[in-house]
Amino acid sequence: MAQSPLIELAHGDGGGLTRELIAAVFARHFANPILGRQEDAAICPLPGGRVAVTTDSFIVDPIFFPGGDIGKLAVCGTVNDLAVMGARPLYLTAGFIIEEGFSVELLEKIAASMACAAAAAGVHIVAADTKVAEKGAVDQLFINTTGIGLIEGSLCLGADQVRPGDRVIVSGPVGNHGLVILASRMGLDLNGGLVSDCACLWPVISAVISDFPVKFMRDATRGGLATVLKELAVSSGLDVVVREESIPVCREVIELSQMLGVEPYYLANEGRFIAVVPEAAAPGLVERLHQFELGRGAAVIGTLHEGSGRVLLHTRFGGTRVLDFLRGQHIPRIC
Amino acid sequence: MPGAFDRFTDPGLAGRIIGRIRELHRKIPGSNPVPLMEVCGTHSHLLGKSGIRDLLADVVEYRSGPGCPVCVTALNDLDALIDFSLRENIILVIFGDLLKVPGTRGSLQEQKARGARIKLVYSILDVLELARQNRNAEVVFVGAGFETTAPGTALLIKEARAAALKNLSVFSLHKLMPPVLRQLLGSGRSDIRGLILPGHVAAVTGRRVFDFIASELGCPAVVAGFEPLDVLHATALLLEMAAGRSPAVINGYPRVVSETGNTAALAAINGVFTPVEANWRGFGCIEGSGLGIKEEYSEFDASRRFGITPLDSAAPWQSKCRCSEILRGELAPRDCPLFGTGCTPDHPQGACMVSGEGACSSYF
């Protein structure tokens with residue numbers, strides 16, 4: 001049986017092998033007229049409006065996990081950063097830093113997954129770059145994506161828009177992605193029960209911002225729900241008061257995170273966002289979110305109050321707990 | 001579908017126990033909150049996370065005890081380890097929390113950035129695998145924790161012998177719970193009126209070994225599990241005893257803890273380890289409170305194989321850091337002058353701020 005080909009240093013030197021790799025993997029999966037010109041820079045038409053730009057690098061371990069892979073993550077993560085600013089995602093660039101010896105077959109699988117996620121988000125990957133690093137210099141594969149989006153109309157989202165009395169909504173159960181990654185690293189078999197929430201949020205968000213007076217949105221990625229709420233509190237100078245029993249968390253996530261000694265509110269999500277709306281709009285927004293697969297578990301979790309930038313969690317026992325930013329890495333405890 | 005543990009987090013039942021706790025508090029002379037100690041870091045964390053500490057602040061003053069393995073690791077043991085980590089051809093294998101604890105000259109995390117080969121593992125099976133994959137390096141596992149984690153380390157050593165792994169050894173920082181509690185309560189300085197005992201330790205040791213707390217030292221104690229209702233139940237029992245019922249060591253966690261403990265785990269500990277004097281942050285050296293590796297397994301004892309000896313450390317910041325008093329339940333984290341200013345979870349100065357289960361970190 002022939003061995004599947006591996007990435008060699010020469011695949012990154014800009015010569016014949018680079019061209020072959022681009023043709024066989026990237027051009028094939030990302031095909032679109034702009035990328036197809038293969039010039040030094042992509043020329044992209046932009047209709048009127050304000051342009052949103054964001055960039056993110058992805059170095060997830062493991063690169064394949066239940067519910068996704070590094071490629072899907074690299075597309076969804078950047079698209080979601082545009083989406084929560086109210087920007088329609090239009091174009092992506094993708095930079096690949098590949099470890100010498102990485103399997104071409106896996107690279108192709110990842111490229112296909114990126115293409116699939118990009119199609120779901122309605123974006124084109126218009127420029128890409130490939131570098132190969134010596135074995136051991138990077139861990140398998142790093143991907144950087146830059147996203148360009150367009151904000152239509154006068155939409156203006158930000159922490160400076162929120163007021164006391166506004167409601168905080170989360171779009172679905174939190175903690176799944178972070179826990180899946182942690183469990184995968186620890187070699188725990190999840191038996192297909194728990195998968196990452198990694199998904200592109202633009203279809204849901206575009207429906208939401210056109211129909212509801214949303215003031216603030218953010219996707220709850222690294223640092224999880226708690227960190228986003230704390231950012232909101234600090235930026236607005238208000239207190240965010242949250243009821244613990246209203247925060248949606250899957251039972252599997254609760255049980256596994258107790259076992260590992262981590263907290264769902266601090267675990268990363270890759271397909272969940274927080275939105276702030278005036279009180280009157282909150283029930284309607286939750287109802288609308290429930291019509292989407294990605295918004296099925298949406299709930300009003302809290303309220304903004306005059307205060308000093310704190311996040312106060314009312315526990316189910318009637319106590320109050322202050323939530324702060326995530327500190328350091330998630331490290332499972334000793335005992 | 002309700003889960004198996006929902007009844008241990010039932011807010012209605014919690015409310016009734018909280019009512020009972022308040023009722024009992026009124027029967028205790030004086031209006032001050034009753035000082036109780038939760039020995040285990042997991043309980044400290046739970047009290048903060050569930051909001052129970054805050055909710056009952058007017059009736060109970062929960063103080064964290066010497067039950068967080070990271071926190072009680074002595075500075076000179078830690079410094080020895082930090083020094084050792086940079087030796088050539090060593091792979092130091094640890095459980096996560098130890099990484100960030102500051103020693104006199106930096107932490108293991110900083111040594112890692114300087115090139116020390118330090119691996120975090122989740123299971124002793126990972127340690128065996130590391131030793132097999134790195135036959136040309138010396139793999140040294142740092143055994144930390146109490147009676148709960150010591151059986152795992154004991155099995156690791158037995159397994160290493162069975163598999164004839166010559167490049168694997170253990171630096172034991174394992175400690176035993178009963179001796180430090182005797183020291184704490186017997187010092188005459190403690191005003192603690194009841195102990196919440198760690199359920200996981202008791203699951204291994206059995207309830208009976210803690211009887212001396214009531215019978216010899218006159219202090220009430222309850223072995224508690226790790227759900228909010230477990231801790232509330234234990235608190236109610238301790239207040240009952242503080243209100244006049246004679247002190248006893250009660251098993252509040254009978255669904256897991258037996259009188260005599262886990263005989264297989266105890267046999268594993270006793271087969272490989274022997275009680276030795278150990279150095280505790282906050283307490284100093286306590287006779288018979290540590291687990292040293294027995295003579296017959298000495299080839300797996302990293303401290304002998306590599307001559308790791310505790311350093312004579314005194315950190316400049318020690319003058320202000322109050323970890324020692326906090327671990328003895330004499331001060332609350334907020335009483336430390338560094339708390340929240342010079343010492344935060346991002347920049348810990350003392351061990352209690354490092355682990356999520358450390359007293360200061362759980363108060364932060």
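**Exercise 1. A helix of chain A and what follows it**

Which residue just after α5(A) takes a positive phi? Once you have found this residue in the predicted model, work out how far the helix before it is covered, and by what.

*Solution.* Begin at the end of the helix: just after α5(A), the residue with a positive phi is A:Gly187, at about 75°. Going back into the helix, which runs over residues 176-185 of chain A, we find that seven of its 10 residues are buried, so that α5 is mostly covered. The buried residues are A:Asn176, A:His177, A:Gly178, A:Leu179, A:Val180, A:Ile181 and A:Leu182. As a last step, look for what lies over them: the cover includes the strand β2 (64-65) and the helices α7 (224-236) and α8 (251-260), which belong to chain A.

**Exercise 2. A sheet in chain A**

Determine the order of the four strands in the open sheet of chain A, and explain why β1 and β5 stand at its edges.

*Solution.* First, read the order across the sheet, which is β1-β6-β4-β5, with mixed pairing. Next, count partners: β1 (50-58) and β5 (124-133) each have a single partner strand, so one side of each is left without a neighbour in the sheet. On average, and with direction ignored, neighbouring strands here are turned by 15° against each other. Then take one pair in detail: β4, residues 88-99 of chain A, runs parallel to β5(A), and the two are joined over nine bridges. Within β5(A), the residue that stands opposite A:Thr93 is A:Ala127.

**Exercise 3. The burial of B:Val272**

Decide whether B:Val272 is buried or exposed, and find which residues distant in sequence it touches.

*Solution.* Start with the position of the residue, which lies in helix α13 (residues 263-272) of chain B. A residue is buried if 20 or more other C-beta atoms lie within 10 Å of its own; B:Val272 has 25 such neighbours, and therefore it counts as buried. Now leave aside the neighbours within four places in sequence, and the contacts are B:Ala154, B:Ile157, B:Lys158, B:Ile293, B:Lys294 and B:Tyr297. One of these partners, B:Lys294, is 22 residues away in sequence, yet its C-alpha is 5.6 Å from that of B:Val272.

**Exercise 4. The nonpolar cores**

Identify the residues with the most contacts inside the largest nonpolar core, and say which helix gives this core its largest share.

*Solution.* The largest core has 119 residues, and those with the most contacts inside it are B:Val142, B:Ile196, B:Leu197 and B:Val222. Its largest share, 10 residues, comes from helix α12 (residues 228-242) of chain B. A second, separate core has 100 residues, among them A:Val214, A:Phe216, A:Val228 and A:Ala233.

**Exercise 5. Chain B as a whole, and its contact with chain A**

Judge whether the radius of gyration of chain B agrees or disagrees with that of a compact globule, and then describe the side of chain B that touches chain A.

*Solution.* For 364 residues a compact globule would have a radius of gyration near 21 Å, and because chain B has 21 Å, the two agree. Chain B holds 16 helices and 11 strands, and 52% of its residues count as buried. Turning to the contact between the chains, we find 31 residues from chain B and 17 residues from chain A. On the side of chain B, α3(B) gives the most, with three residues. Sorted by character, the residues on this side are 13 nonpolar, 12 polar and six charged.

Technical notes:
Residues are numbered from 1 along each chain as its sequence is written. Chains are lettered from A and ligands numbered from 1 in the order in which they are written. This is a predicted model: local features need pLDDT of at least 70, side-chain atom pairs count only at pLDDT 80 or more; totals for chains, interfaces and linings use all residues. Two residues are in contact if their C-beta atoms, placed from the backbone, lie within 7 Å. Ala, Val, Leu, Ile, Met, Phe, Trp, Tyr, Cys and Pro count as nonpolar, Asp, Glu, Lys and Arg as charged, and the others, Gly among them, as polar. A nonpolar core is a set of buried Ala, Val, Leu, Ile, Met, Phe, Trp, Tyr and Cys residues joined through C-beta atoms within 7 Å. A residue is buried if 20 or more other C-beta atoms lie within 10 Å of its own, exposed if 12 or fewer, and partly exposed in between; C-beta atoms are placed from the backbone. Two strands pair if DSSP finds at least two bridges between them. Axes are lines fitted to C-alpha atoms, for helices over the stretch in contact, and angles run from 0 to 180 degrees between N-to-C directions. The radius of gyration is taken over C-alpha atoms; the globule rule is 2.2 Å times the number of residues to the power 0.38.
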